[in-house]
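Good morning, colleagues. Please turn to the sequence and the model on the screen before I begin.

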Amino acid sequence: MIDKINSLREEIRKTFPGRDIDPEAFRIKYLSRKGIISSLFEEFRNIDSSQKKIVGKLLNELKKEVIEKFNELKSFEISSEEKISESDLTKSAFPIFSGSRHPISIIRNEIIDIFKRIGFTITEGPEIEDDDHVFSRLNFAPEHPARDMQDTFYILRIYDDQSDPDDILLRTHTSSVQVRVMQSTKPPIRTISPGRVFRNEAISARAHCIFHQVEGLYIDKNVSFADLKQTLLFFAVEMFGPETKIRLRPSYFPFTEPSGEMDVSCKICGGSGCNVCKYTGWLEILGCGMVHPNVLVACGIDPKIYSGFAFGMGIERLAMLKFQINDLRLFFENDRRFLEQFSKVF
Ligand code: DAH
């Protein structure tokens with residue numbers, strides 16, 4: 001009987017968990033009422049009493065080992081079942097870089113979110129525009145030097161039966177969308193228009209021939225400069241944080257009167273002066289003003305009933321300030337080392 005026990009012990013030790021081992025079959029074979037262990041205990045009753053001590057000990061040890069083995073087989077089965085249900089079989093076998101939002105998109109979305117919260121809608125207009133929407137209806141006189149402020153890419157000039165030339169061009173600012181919105185919508189109007197603009201400028205760290213702007217327009221009865229100031233303060237605080245201060249400096253744009261440029265207190269040095277703000281404590285972020293009555297008239301809105309404000313800002317400039325980027329060209333190169341840095345931002 002000792003030999004029988006020993007060989008069974010060998011057999012048990014050679015049993016390992018795996019697909020070909022069914023724990024339940026193992027239990028029935030060894031541990032059930034009619035299983036091997038029970039029959040060994042039957043046999044044990046009839047052996048010589050001088051052997052009972054040794055064989056009894058061996059038999060108990062064998063039984064213990066069989067139970068342990070059964071538990072091992074069972075737990076392997078459970079954990080492998082769990083593994084199967086946890087596996088995502090649609091997942092790629094290789095690590096794949098899932099991409100990140102471009103910093104320009106991050107800032108554009110942030111601007112949109114801020115203005116949406118105070119009731120502004122989003123509007124868009126064409127990138128290929130005409131002189132009428134980009135300049136004429138925005139109160140740029142035909143030979144006005146202000147047209148030279150923006151180095152325009154002209155596409156073609158159509159002579160329409162001897163009348164005035166009609167220029168097709170790439171829009172130099174998103175203010176053209178103001179015109180389209182005013183022409184097609186009855187006030188009250190409260191909208192922002194993000195988009196790409198084009199200027200014939202030499203590419204450098206501070207200038208590019210393609211960049212992005214967001215235009216804002218608010219037309220209603222009794223809109224005042226105070227409304228403009230409060231709106232822009234709200235924007236600056238939401239964008240740059242609660243400590244942010246703004247200041248408005250007088251400026252000139254043909255389509256607004258009065259016009260201003262807005263600075264925000266430098267976030268880097270808190271206003272005490274650093275190389276980012278050129279030791280002024282202020283950073284210029286946008287142009288703004290009250291919509292010129294000539295513009296309202298040119299767009300079919302009665303300036304005796306309505307007034308409004310407008311503003312325009314460059315998205316690259318805001319992104320450079322917010323992420324402390326010192327070269328505009330980085331936005332257009334699609335260098336992964338640059339873009340991957342924004343994967344945690346949104
Ligand atoms: N269009 C101007 C530019 O590109 C920015 C601007 C200034 C827009 C004042 C406005 C405004 O709406 O009121 O430089």
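I shall speak about the ligand site, the pocket around it, an enclosed cavity, and some points of backbone geometry.

This is a predicted model, in which local features need pLDDT of at least 70 and side-chain atom pairs count only at pLDDT 80 or more, while totals for chains, interfaces and linings use all residues. Residues are numbered from 1 along each chain as its sequence is written, and side-chain values use heavy atoms, with hydrogens and water left out.

Let me start with the ligand. It is surrounded by 16 residues, and the closest are His173, Ser175, Arg199, Gln213 and Glu215; a residue counts as near if one of its heavy atoms lies within 4 Å of the molecule. By class, this shell has five nonpolar, nine polar and two charged residues. Here Ala, Val, Leu, Ile, Met, Phe, Trp, Tyr, Cys and Pro count as nonpolar, Asp, Glu, Lys and Arg as charged, and the others, Gly among them, as polar.

Which polar contacts does the ligand make through its oxygen atoms? A polar contact is a pair of N or O atoms within 3.5 Å. An oxygen of the ligand lies 2.9 Å from a side-chain N or O atom of Gln213. For the side chain of Gln178, the corresponding distance is 3.2 Å. Phe311 takes part through a polar backbone atom, 3.3 Å from a ligand oxygen. Taken alone, the ligand exposes 350 Å², of which the protein buries 91%; these accessible areas come from the Shrake-Rupley method with a 1.4 Å probe.

Where does the ligand sit? It occupies the largest pocket, by the criterion that more than half of its atoms lie within 2 Å of the pocket's grid points. Two or more residues of the ligand shell come from each of α8 (175–184), β6 (210–220), β9 (282–291) and β10 (307–314). Helices (H or I, at least four residues) and strands (E, at least two) are DSSP runs, numbered from the N terminus.

The volume of this pocket is about 1,300 Å³. Its lining comprises 47 residues, and those closest to the centre are Arg206, Glu284, Ile285, Gly314 and Arg317. The largest contribution to the lining is that of β9, with seven residues. The lining divides into 23 nonpolar, 15 polar and nine charged residues.

I turn now to enclosed space. On a 1 Å grid over the protein atoms alone, a cavity is a set of points where a 1.4 Å probe fits but cannot get out, and a pocket is an open set with protein on both sides within 12 Å along at least five of seven lines; lining residues have an atom within 4 Å of a point. Grid points are joined across faces, edges and corners, and a volume is the space filled by probe spheres set on the points. The structure holds one cavity of 30 Å³ or more, and the largest cavity contains about 40 Å³. Its lining consists of Phe240, Val264, Lys267, Ile268, Val276, Leu283 and Leu321, six nonpolar and one charged, with no polar residue.

Finally, the backbone. Pro187 and Pro188 are joined by a cis peptide bond with omega about 5°, and Pro188 belongs to the loop between α8 and β5 (189–198). The bond from Glu257 to Pro258 is also cis, with omega near -5°.

How values were computed. Polar contact = N/O pair within 3.5 Å; in protein donor to acceptor, adjacent residues only side chain to side chain.
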